[in-house]
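Work through the exercises below with the model open beside you. Each task is followed by its solution.

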Amino acid sequence: MIDLLAYLLITIALIFMALGVIGLFRFKDFYSRILISAKIETVGFLTIMIGFTILSGLSYAAMKILLITLMVMITNPLSTHAIARSAFLSGYPINQEPRR
Amino acid sequence: MKKIIHTLILVLIFTGIWLVLNESLAVSQLLIGLFFSAVSILFTNRYLLEDDYLDAYAIKPEVLLHYSLYLFIQIYQSGFAAILKIIKGEDSVKIITYETCMSNELGICLLANALTLTPGTVTIDKNGHQLQILAFQDENAFTDITEGKTCSPYEMILRRMDH
Amino acid sequence: MTFLETALFVIAIYIALVLVRVILGPTIWDRLLGLNAISAKIIMSIVIFSIITEQPYLLDVALVYALLGFIGTVLIARFIEKKGDIS
């Protein structure tokens with residue numbers, strides 16, 4: 001029963017990540033790509049890791065997976081921020097007017 | 001006295017992480033963990049930080065818990081909003097200059113991290129109390145706040161963190 | 001093929017698709033974005049593999065991979081900052 005819940009969470013996470021990959025190809029501008037695709041990753045990662053924690057039950061492995069999740073949740077926004085800041089400070093142009 | 005209690009709490013947390021990494025609950029492992037936690041905290045305090053560990057990372061545990069719960073809900077909300085954006089395919093962005101109403105450096109840092117963690121906004125630069133935020137053209141949560149001069153919900157929670 | 005093996009296969013397909021973006025990517029920052037996404041997916045694959053084969057020490061590898069991927073991305077991003085056109 002509890003395994004079914006974990007499988008459901010993993011499936012939801014896989015759908016989220018599929019949308020992130022689609023967004024990586026659908027948007028034409030670098031800034032909109034970094035806004036959507038890298039961030040959908042966060043949601044997918046959190047969901048799939050909760051699924052794995054439920055799947056491995058109450059053990060040291062589950063706590064280790066939680067530790068990995070916590071660390072990635074702290075470091076992932078930092079690396080996204082570093083990429084966006086690097087592009088912005090190097091003068092990559094921001095398209096201000098809406099395109100049709 | 002208060003300082004000793006806080007250091008003890010940190011030592012206990014670090015020992016817990018050590019035990020999880022070693023996958024054992026033996027007494028020898030516990031003693032080694034306590035020793036290394038105390039040594040690492042003292043070393044960081046003495047050589048790596050300019051001011052004290054407890055001053056630089058002063059945040060109440062209950063505020064941190066409330067903040068992470070709020071952030072968890074917020075991540076999923078904006079995740080579903082981002083799906084709509086992908087299906088519609090809007091791709092025009094803008095930069096918002098946002099003035100925080102917090103004075104604490106750690107608070108501003110946590111706010112910037114939370115903004116980057118939720119889908120749809122990325123913090124680009126921090127200059128004193130001003131944050132530059134990259135967002136979509138129709139994002140209006142922060143422009144409304146800039147005109148109205150009130151705090152965002154993140155800051156309302158974070159302002160209670162001072163001891 | 002069990003459910004977890006299917007999930008591992010799907011993640012492998014995602015990694016291949018992101019790799020196409022890394023090869024196509026017009027600027028160097030697109031490639032960095034792809035590197036970041038690929039490293040997150042590799043961490044997931046290591047965790048799935050450790051659950052399938054029941055070897056919990058593989059999780060340490062995932063932990064180290066998370067740290068090294070973060071350091072690599074930040075280092076490259078800081079290195080190319082303000083130097084622009086080496087795409």
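**Exercise 1. Give the strand order and the pairing sense of the open sheet in chain B.**

Solution. This is a predicted model. Step one: count the strands of the sheet; there are three. Step two: read their order, which is E1-E3-E2. Step three: assign the sense; the pairing is antiparallel. In general, strands of a sheet pair through backbone hydrogen bonds, in either a parallel or an antiparallel way.

**Exercise 2. Find which strands of chain B stand at the edges, and explain why one side of each lacks a neighbour in the sheet.**

Solution. The edge strands are E1 (93–99) and E2 (121–127) of chain B. Each has a single partner strand, so one of its sides has no neighbour in the sheet. For the geometry, add the twist: from one strand to the next it averages 25°.

**Exercise 3. Describe the pairing of E2(B) with E3(B), then identify what packs on the sheet from chain A.**

Solution. Start with the pair. E3 of chain B covers residues 130–136. E2(B) and E3(B) run antiparallel and share six bridges. For a residue-level check, look across from B:Val122: B:Leu134 in E3(B) stands opposite. Now turn to chain A. H3(A) packs on the sheet and touches E2 and E3 of chain B. The direction of H3(A) makes about 65° with that of E2(B).

**Exercise 4. Set the sheet within chain B: list the elements in order and state the share of buried residues.**

Solution. Count first: chain B holds seven helices and three strands. From the N terminus, the elements run α-α-α-α-β-α-β-β-α-α. Next, burial: of the 163 residues in chain B, 20% are buried. Last, contact range. Take the contacts in chain B between residues at least 6 apart in sequence; 61% of them join residues at least 24 apart.

**Exercise 5. Break down the side of chain A that touches chain B.**

Solution. Begin with the totals: 33 residues of chain A contact 28 residues of chain B. Then find the elements. H1 (2–26), H2 (30–55) and H3 (60–89) of chain A each supply at least two residues to this side. Finally, sort by class: 19 nonpolar, seven polar and seven charged.

**Exercise 6. Do likewise for the side of chain C that touches chain A.**

Solution. The contact involves 34 residues from chain C and 38 from chain A. Helices H1 (3–24), H2 (28–53) and H3 (58–79) of chain C each give two or more residues to the chain C side. H2(C) gives the most, with 11 residues. By class, the chain C side has 24 nonpolar, four polar and six charged residues.

Technical notes. Residues are numbered from 1 along each chain as its sequence is written. Chains are lettered from A and ligands numbered from 1 in the order in which they are written. This is a predicted model: local features need pLDDT of at least 70, side-chain atom pairs count only at pLDDT 80 or more; totals for chains, interfaces and linings use all residues. Two residues are in contact if their C-beta atoms, placed from the backbone, lie within 7 Å. Helices (H or I, at least four residues) and strands (E, at least two) are DSSP runs, numbered from the N terminus. Ala, Val, Leu, Ile, Met, Phe, Trp, Tyr, Cys and Pro count as nonpolar, Asp, Glu, Lys and Arg as charged, and the others, Gly among them, as polar. Two strands pair if DSSP finds at least two bridges between them. Axes are lines fitted to C-alpha atoms, for helices over the stretch in contact, and angles run from 0 to 180 degrees between N-to-C directions. A residue is buried if 20 or more other C-beta atoms lie within 10 Å of its own, exposed if 12 or fewer, and partly exposed in between; C-beta atoms are placed from the backbone.
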